Amino acid sequence: MAANEIVEALQGGFPKAQVMLPGTNEFSTLNTSYFSKAQAELQPMAIFLPRDTEDVVKFIRIIGPHALQGRVKFAVRGAGQQPALGCNNVHDGITVDLRNLTGIQLKNNDTTVSIGAGERWGDVYSTLQEKGLAVTGSRSSMGGIGGLGLSGGLSFFSTREGFITDNVTNFEVVLASGEVTNANINENTDLFVSLRGGGNNFAIVTRYDMRTFKQGKFWGGTVFYFANSFPSQVEAYVKELKDPKPTDETHIMLGAGYSTVFAKVSDIVCMNQVYYTKEVENPPVLDPYVNMQPQMDHLRSVRMLDLVDAAKEQAKHGSSTSRVSYMNTTIKADVPTLMAAYETYVNALGPLKSIEGLTTSLTLQAYPKSLLEKTASAGGNSLGINPLDGPLMSILILSFWKNKEDDDKIRSTFKGVIESVDKDATTRGTAVPYKYMNYAAPFQDPIGSYGEESKAKLQATSKKYDPEGLFQKGVVGGWKLFV
């Protein structure tokens, strides 16, 4: 069957408004609405917009046989925030855009919230905040549910509540067979654990049920400062993580980098994003991260806020009309290793500073022991992290730039930085295999980083629930299980 016949089969099965074709304004609007501008350079032959779970079932039954025979590929898009090329869009295939799978419903005496796969976290937070509740979700209001719910994920509350994926209590999914089923701690438990970190490898998730908790206002915001203070910030961060009795109410991100926006002010600019998740003004535990001098006082935003405010502020920091790259690694929380990583990153920046529209940062985010220890009691996940190895530190290199011709230079430079950091950490005995999927670059292997045992379990789950391999052969984006 030719490609146009596959599109015609979709058009025959659904109303015209659900199958967007190239050359229309509707198609163009959807295909240029990704977080990374580069994603829009992939041109699907159609964008399909399911209205509900039954539409996803029907899509799988129409497209599945053709995908298994190599006649068509498809991609699944939630909010379109993941910048890895092909992760949520596909060239000359069908992109399934879940934006119309909405709905936010509290149940079980408000202890659980059901969230449609097309929702964004900002609307979830607004709904829950009216009840004095929250969930572990994206720190940005613009983030989608699936990218974090299926990969791990850190929230403002992760030190206290655990990974985002560990707070998903049930996944409603459409399997390769077209069957609708649920995966939770009581049903399809192997699929449940595999979805917690396994990405797009098993099914199309149409609904996420998540554990809620009571949450009021909290203290936090952003501080901009200069490179001379960055070493003391790293030292304070590691010291806190290794405190015998650390608080589980903080969430801290330390960043340092270069931006054409600040180039006339300082070559390297640093930014702390810090939160204390109780309604306490100026908590002493945050003093090291907000009181360094000098700082850019006019950009300081530390204050009492609520979850909706905090997520809106984060969305502004992450907004983009640019090309975007993520890549990451993980090490044990160790000051010399972290400072060596910082120096390696800074030393690589020189040849990149002439690139138009460049903003890049090296960002440190902790996986405290309290976070890692939540996994087992929450039913487990597939990330393969041993809590005894904690506390750990995520190292993210995030980059924005304007022009396609600079892609290779930026990506190859920072690939070299990540590889150097990993090599140095191995020499120091502080290396950790884990690569966070939602921050991974195409050259990285997050599935393999989970370890042989976890990968084997993921492969077994795939063979059980998708025996013909639809989500391996038909969904080619993301990170696959049998490579």
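**View 1. Five strands, S5-S6-S10-S8-S9, make an open antiparallel sheet.** The model shown here is predicted: local features need pLDDT of at least 70, side-chain atom pairs count only at pLDDT 80 or more, and totals for chains, interfaces and linings use all residues. Residues are numbered from 1 along each chain as its sequence is written, and side-chain values use heavy atoms, with hydrogens and water left out. At the edges sit strand S5 (104–107) and strand S9 (180–184), each with a single partner strand, so one side of each has no neighbour in the sheet. From one strand to the next, the twist averages 20°. A word on terms: strands (E, at least two residues) and helices (H or I, at least four) are DSSP runs, numbered from the N terminus, and two strands count as paired if DSSP finds at least two bridges between them.

**View 2. The S5 edge, with helix H4 packed on the sheet.** S5 runs antiparallel to strand S6 (residues 112–116), and 4 bridges join the two. Look for isoleucine 104, which stands opposite isoleucine 115 in S6. Helix H4 (residues 121–129) touches S5, S6 and strand S10 (204–211), and its direction makes about 40° with that of S5. Contact here means heavy atoms within 4.5 Å. Angles run from 0 to 180 degrees between N-to-C directions, and axes are lines fitted to C-alpha atoms, for helices over the stretch in contact.

**View 3. The S8–S9 hairpin.** S8 and S9 run antiparallel and are joined by 5 bridges. Valine 173 stands opposite threonine 181 in S9. The hairpin has 5 residues between its strands, and in the turn glycine 178 has a positive phi of about 90°.

**View 4. Helix H7 is mostly covered.** Helix H7 (residues 189–198) lies across strand S8 (168–174), S9 and S10, and runs at about 100° to S8. Of its 10 residues, 7 are buried, where buried means under 20% relative accessible area (exposed is over 50%, partly exposed in between; 1.4 Å probe, protein chains only). The buried ones in H7 are Leu191, Phe192, Ser194, Leu195, Arg196, Gly197 and Gly198. Their cover includes helix H5 (145–149), S8, S9 and S10, plus helix H15 (446–449) and helix H16 (452–465). Just after H7 comes glycine 199, with a positive phi of about 65°.

**View 5. Eight strands build another open antiparallel sheet, in the order S15-S12-S14-S13-S17-S18-S16-S19.** Strand S15 (303–305) and strand S19 (431–432) are at its edges with a single partner strand each, so one side of each is left without a neighbour in the sheet. Two helices lie across strands of this sheet. H11 lies across strand S13 (250–259), strand S16 (323–332), strand S17 (359–367) and strand S18 (392–401), at about 170° to S17. H14 lies across S16, S17, S18 and S19, running at about 0° to S16.

**View 6. Strand S14 between S12 and S13.** Strand S14 (residues 269–276) is joined to strand S12 (residues 218–226) by 8 bridges, with the two running antiparallel. Phenylalanine 224 has methionine 271 of S14 as its bridge partner, while valine 223 has asparagine 272. S13 also pairs with S14 in the antiparallel sense, over 8 bridges, and here alanine 256 stands opposite cysteine 270 in S14. With 7 of its 8 residues buried, S14 is largely enclosed by the rest of the structure.

**View 7. Helices H11 and H14 pack against each other.** Helix H11 (residues 335–348) and helix H14 (residues 407–428) meet at about 155°, their axes 10 Å apart. They are therefore roughly antiparallel, a label for angles over 145 degrees (under 35 is roughly parallel, 65 to 115 roughly perpendicular, the rest oblique). On the H11 side, the contact includes Ala340, Thr344 and Tyr345; facing them in H14 are residues including Phe414, Val417 and Val421. By class, the contact has 9 nonpolar, 4 polar and 2 charged residues. Nonpolar covers Ala, Val, Leu, Ile, Met, Phe, Trp, Tyr, Cys and Pro; charged covers Asp, Glu, Lys and Arg; the others, Gly among them, are polar.

**View 8. Helix H8 meets H11.** The axes of helix H8 (residues 230–241) and H11 come within 10 Å and cross at roughly 145°. Phe230, Pro231, Val234, Glu235 and Val238 of H8 make the contact with Val335, Leu338, Met339 and Tyr342 of H11. These residues divide into 8 nonpolar, no polar and 1 charged.
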